[in-house]
Amino acid sequence: QLEQLLRNLIDNAQKYGAPDKPVTVWVAPNATGRIVLNVRDQGPGIAPEHLPHLTRRFYRTDPGRSRASGGTGLGLAIVKHIVERHHGDLDIASTLGTGTTVSVSFAPAPAE
């Protein structure tokens with residue numbers, strides 16, 4: 001499931017980011033010790049009014065563009081489901097003209 005989560009996030013970043021700019025992926029612990037996975041594109045960004053709805057099934061900010069690129073509108077809904085199943089947190093931050101960063105955080109695995 002975590003592989004599918006990562007694949008969905010990277011696919012979205014490549015699909016909706018700027019074609020001539022890289023997608024950046026990094027993993028690091030945050031100040032509270034949670035492990036944070038970030039996927040960032042440098043595309044046109046997402047308008048603030050769309051952000052609360054992005055994880056709804058079949059929701060599209062631009063239906064014509066999404067259909068043309070082959071999306072189903074399920075990618076972020078699946079990501080949200082996987083994150084919740086693993087007791088994680090999902091955050092989507094975007095700035096118009098700059099790009100979008102999706103962050104997923106999980107508690108570290110307990111020490112054995």
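Helices, taken as DSSP runs of H or I with at least four residues, and strands, taken as runs of E with at least two, are numbered from the N terminus. In this predicted model, the chain read along its sequence follows the pattern α-β-β-α-α-β-β, which amounts to three helices and four strands.

Of the 112 residues in the chain, 36% are buried, while the surface that the chain exposes comes to about 7000 Å², with carbon and sulfur atoms supplying 55% of it. When contacts between residues at least 6 apart in sequence are considered, 57% of them join residues at least 24 apart.

The interior can be followed through the largest nonpolar core, which has 15 residues and in which Leu5, Leu9, Leu76, Val79 and Val104 have the most contacts. Two or more residues of this core come from each of helix H1 (2-16), strand E2 (35-41), helix H3 (75-85) and strand E4 (99-106), and H3 gives the largest share, four residues. Leucine 9 offers a view of these surroundings, since, with residues up to four places away in sequence not counted, leucine 9 touches Leu37, Val39, Leu76, Val79, Val102 and Val104.

A polar residue deserves a look as well. Threonine 100 lies in strand E4, and this residue counts as buried because its relative accessibility is 7%, where the cut-off for buried is under 20%. The side chain of threonine 100 is joined to that of serine 94 by a polar contact of 2.7 Å. Beyond its neighbours within four places in sequence, threonine 100 is in contact with Val39, Arg40, Asp41, Gly45, Ile46, Ile92, Ala93 and Ser94.

Notes
Residues numbered from 1 in each chain as written. Predicted model: local features only at pLDDT ≥ 70, side-chain atom pairs only at ≥ 80, totals over all residues. Heavy atoms only, no water. Buried < 20%, exposed > 50% of the residue type's maximum accessible area, 1.4 Å probe, protein only. Contact = heavy atoms within 4.5 Å. Areas by Shrake-Rupley, 256 points an atom, 1.4 Å probe, with all protein chains shown as cover. Core = buried A, V, L, I, M, F, W, Y, C linked by side-chain atoms within 4.5 Å. Polar contact = N/O pair within 3.5 Å; in protein donor to acceptor, adjacent residues only side chain to side chain.
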